[in-house]
Amino acid sequence: MDANVRRRALRAAAKVAFGAAFLGACGSNANDSALRRHPVNNAGDSGAETDSRAETNSPTVPNHRTDAGLTGQTPIITLVEREAPAVGDSGLRRDAQAASGLACVEHVELTADRTSSVPEPAALSCCVAYNDQRLVESAVDGGNGPASYPALAADESFVNCCRLIINAASSLPETWTALRTSCCASDVHGFDPEGPSPQYQHIYCTPWGPAVPPSMDYVAQGVA
Amino acid sequence: MGHVIDLQTAAAPVSPDLSGYPVALFVAAEATWRARMINEYASHAVFEALAQQMTEANFEPELVNECLQFASEERSHGVMCGAVVTALGGRAWAERPELAAYPAHRDAPPRAAVLRNLIHICCMSETVAVALIGAERLEMPRNNELYDLLTRIYADEVGHARFGWRVLQELAPSLTTAEREAIERYLPVALAHLKEHELAHLPDIEAPPNGASLGLCSGRDARVLLDETIATVILPGLRRWFRC
C-alpha cells in the first residue's frame, strides 16, 4: 500500500466523518436520503470513488460466469492400488503407492475449481493417514517436540497429499482439520510453485462487519 | 439456520468470475473471504440490536429503519463474500460465531446509551472499514467482477459510517451534561476495544505478490492506516463534541 493509496483512503474516511458536519452546518440534512443514495460519490475524491449508490443498492451481483464444471463431482485423481514397500527408514508403510513412487496418489495439481475436486475416499483417507503419521515421525526430540517442517517439505508424498487435502477441503469441510494440522500449520505448501512460504496460507485482513460494542466493564477487565 | 452460516444457495448464483487469477493464492484468499463472510453476515445482529435499542429510546422511526436496512446490507455482504468463497472453489458455509452480549449501558441515560453504541459501531468501526476497504479497493485492478463486488460493499460501509456521524451531528448539540459525560466516560473504552478488535483482524504480515488482485492486503500497512484513521479522522471527529 503506497502513501498515495493510504492518503486517498484516509481522505474518503475523513469526508464521511466531516462531511456530515459540513452538511449539517449548511442545513442540508433534509437531503440526506439523496445523499445516502450516493455515498461513494460524496466520500471519495475524483477518480477512484466515483461509483454511484444506485448501482450498489442491489444485494445481488451480476453473474457473468459460465458455471460449466462447477457442479460436477468428477474425481480428478485416481488411487493406484499397489502395495508399496516401506518408506525409507521411517518405518511407515504406505497402503497404496502411485506408479510415480508417490504415496497414496499420483501427482495432484491444485485446482481452482475445487468444488468439483472430490477425491476418491480411499485416496483421501490414505493421504490424511500418511500425513498424520509423517507429522509424528518427523517430530524432533524423540517424537516429543514439534514436527520437522523442512523434512516434511522435502517429502514429495507429503506435499502431494497436501495438495489433495487442499482440493478436498472445499468440498469436504471435515477435511479442514487435516488441512490445518498437516499442511497449513506445518508451513508446508505443496501448492506454492515458489517454494514454502507462509504468505500462501494466511488469512489476511478481515476487519469487516462491526463488532458488538463493549460494555463499560471492558475497562474493568483490564483491556486498555 | 441454527449454529451455522450456510450461504451456499444464495452465494452460488452470484459468484464472480475469477478465471485468470493466481491459483497459488486461492487457499489464502478462500480463508480470508470466508472470514469476511462470517464477520459481515454475523454483524447484521449488531445493527438489529442497535435498531432495537433506538426504538426503545424513542428515536425517529426513519432512523430505526435505516439501521434495519444496514442489517440487511450486512447479510447481503455475507452473501457476496460467500460468493467469492464459492468462486475460489470453496463452500459458503461456516460455523456461526458466538457474539458478545449487546450492551444496554444501564449506567447511562437512554439516549446516551444509544449514542455510545452508535459511536462504536458507525463512527469507529465502520469509519475504519471505509478507510481499510477503500484502500483495498484502490489497490485492486478495476473492470472486473471482484472489483465491482468490493465496490458494492464499500459503498454500503460508507453509508453506515456516514449514518453515525450524521446522527451525532444532529443530536450532539442538544445533549444534556449528564448525557455528554456518560458518552465521554465510554470513549476510552470504545477506542481500546476498537483497536484490539481491529488488530486481531489485521495480521502483522505483508501481502503476497499479486495479493491485491484477490483482496489480500498487507496487514502491516493496514495497521498503519488504522492508526492514522483513529488519529486523523475519528478522534478529531469526536472532539468536535466530546473530550477525548
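**Two helices meeting in chain B**

Let us start where helix 3 of chain B meets helix 4 of chain B: B:His44, B:Phe47, B:Glu48, B:Leu50, B:Ala51, B:Met54 and B:Thr55 on helix 3 touch B:Leu63, B:Val64, B:Cys67, B:Leu68, B:Phe70, B:Ala71, B:Glu74 and B:Arg75 on helix 4. Contact here means C-beta atoms, placed from the backbone, within 7 Å. This is a predicted model, in which local features need pLDDT of at least 70, side-chain atom pairs count only at pLDDT 80 or more, and totals for chains, interfaces and linings use all residues. Residues are numbered from 1 along each chain as its sequence is written, while chains are lettered from A and ligands numbered from 1 in the order in which they are written.

Helix 3 (residues 44–56) and helix 4 (residues 61–87) of chain B pack at about 170°, their axes 8 Å apart. Axes are lines fitted to C-alpha atoms, for helices over the stretch in contact, and angles run from 0 to 180 degrees between N-to-C directions. Helix 3 of chain B is therefore roughly antiparallel to helix 4 of chain B (angles over 145 degrees count as such).

Stepping back, chain B holds 8 helices and 2 strands, which are DSSP runs numbered from the N terminus (helices H or I, at least four residues; strands E, at least two). Their order from the N terminus is β-α-α-α-α-β-α-α-α-α. Of the 244 residues in chain B, 60% are buried, that is, with 20 or more other C-beta atoms within 10 Å of their own, placed from the backbone.

Finally, look at helix 8 (residues 219–238) of chain B, whose buried residues include B:Leu225, B:Leu226 and B:Val233.

Methods:
Buried ≥ 20, exposed ≤ 12 C-beta atoms within 10 Å, placed from the backbone. Parallel < 35°, antiparallel > 145°, perpendicular 65-115°, else oblique.
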